[in-house]
Amino acid sequence: MASNLERGVGALKKFQGQINTLLAEFEGGAGGNGEIAAQRVPRSSFSGPGKFDEAEGFSMQYERVHTSLIALSKSLGDQIELLSIGVHAADVGYDNVEEDLRYRFHTIQTRLDEQREEQAKQQRQERGEAPEAPRQNETGGTKDLG
């Protein structure tokens, strides 16, 4: 049984190394949050003299997509980091994880949960659905999810 556990931990360590490599490559490459944020096209690039409604519409869509790409890049980086911390915790045991890593894990997890809730809310609004009724949270109070 112990040999199976060692292989499992070894596999997790290997996976963590791969995750760390991917995260470093991702953040340093064209998909990194900083690189995407730097790739802006000013609104004036889409229009010349006079009013050009199509250029205005294109500029608004470009900005919407650009903002979404920045959010996606950040979310992906957060999810990879969350997995990396989780693999580390599985390796050393949760009680042996440094306090700052535990805090970072829960901070990222909370942020990702809030983003998912916000996206679900926006999708319901786009479909014209009524907001969800408030549900009880972990303290017994209610939380507006709509």
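A residue is called buried when its relative accessible area is under 20% and exposed when that area is over 50%, with partly exposed covering what lies in between. By that convention Q18, whose relative accessibility is 42%, counts as partly exposed. The model in which this residue is placed is a predicted one, and the paragraphs below move from its overall layout to its individual contacts.

The secondary structure comes to four helices and two strands, and, when the chain is read along the sequence, these elements follow the pattern α-α-α-α-β-β. The protein has 146 residues, of which 19% count as buried.

Helix α1 spans residues 2–28, and Q18 is found within that stretch. Although Q18 and S84 are 66 residues apart along the chain, their C-alpha atoms are separated by 9.2 Å. A second pair of this kind is formed by I80 and L22, which are 58 residues apart in sequence, with 8.3 Å between their C-alpha atoms. I80 has its place in helix α3, and this residue is classed as buried because its relative accessible area is 14%, a value that falls below the 20% cut-off.

Helix α3 itself covers residues 53–92. This helix has 40 residues and reaches 59 Å from its first C-alpha to its last, which is close to the 58 Å expected at 1.5 Å a residue. Just after α3, the backbone at G93 takes a positive phi of about 90°.

Helix α3 also includes V65, a residue that takes part, together with L69 and L72, in a nonpolar surface patch of about 260 Å². V65 has a relative accessible area of 38% and is therefore partly exposed; a residue can enter such a patch if its relative accessible area is over 30% and it has no salt bridge, so the value of 38% for V65 satisfies the area condition.

Helix α4 runs over residues 99–127 and contains Q109. Q109 and Q79 are 30 residues apart in sequence, yet their C-alpha atoms lie 8.4 Å apart in space. With a relative accessible area of 32%, Q109 is partly exposed.

Charged contacts come next. Side chains of opposite charge can pair when their charged atoms come close. The structure holds four salt bridges, and one of them is formed by R104 and E81, whose closest N and O atoms are 2.9 Å apart. This pair links distant parts of the chain, since R104 belongs to helix α4 and E81 to helix α3, with their positions 23 residues apart in sequence. Both partners fall in the intermediate class of accessibility: R104 is partly exposed because its relative accessible area is 30%, and E81, at 22% relative accessibility, also counts as partly exposed.

Another of the salt bridges joins the side chains of R116 and D113, with an N to O distance of 2.4 Å. Here the two residues both lie in helix α4, three residues apart, or about one turn of the helix. R116 has a relative accessible area of 46% and is therefore partly exposed, while D113, at 33% relative accessibility, is likewise counted as partly exposed.

The side chains of E129 and R127 also meet in a salt bridge, at 2.8 Å from N to O. In this pair E129 is partly exposed, with a relative accessibility of 38%, whereas R127 counts as exposed because its relative accessibility is 52%, a value above the 50% cut-off.

What remains is the question of aromatic side chains. The structure holds zero aromatic pairs. There is, however, a contact between a charged side chain and a ring, in which R102 lies over the face of Y94, at 4.8 Å from the ring centre.

Terms used: Residues are numbered from 1 along each chain as its sequence is written. This is a predicted model: local features need pLDDT of at least 70, side-chain atom pairs count only at pLDDT 80 or more; totals for chains, interfaces and linings use all residues. Side-chain values use heavy atoms; hydrogens and water are left out. Patches are made of residues with over 30% relative accessible area and no salt bridge: like charges are joined within 9 Å, nonpolar side chains (Val, Leu, Ile, Met, Phe, Trp, Tyr) within 5 Å. Accessible areas come from the Shrake-Rupley method with a 1.4 Å probe; for residues, only the protein chains shown count as cover. Buried means under 20% relative accessible area, exposed over 50%, partly exposed in between (1.4 Å probe, protein chains only). Rings of Phe, Tyr and Trp (its six-membered ring) pair if their centres lie within 6.5 Å; planes under 30 degrees apart count as stacked, over 60 as edge-to-face and the rest as tilted. A charge sits over a ring if NZ of Lys or CZ of Arg is within 6 Å of the ring centre and within 35 degrees of the ring normal. The expected span of a helix is 1.5 Å times one less than its number of residues.
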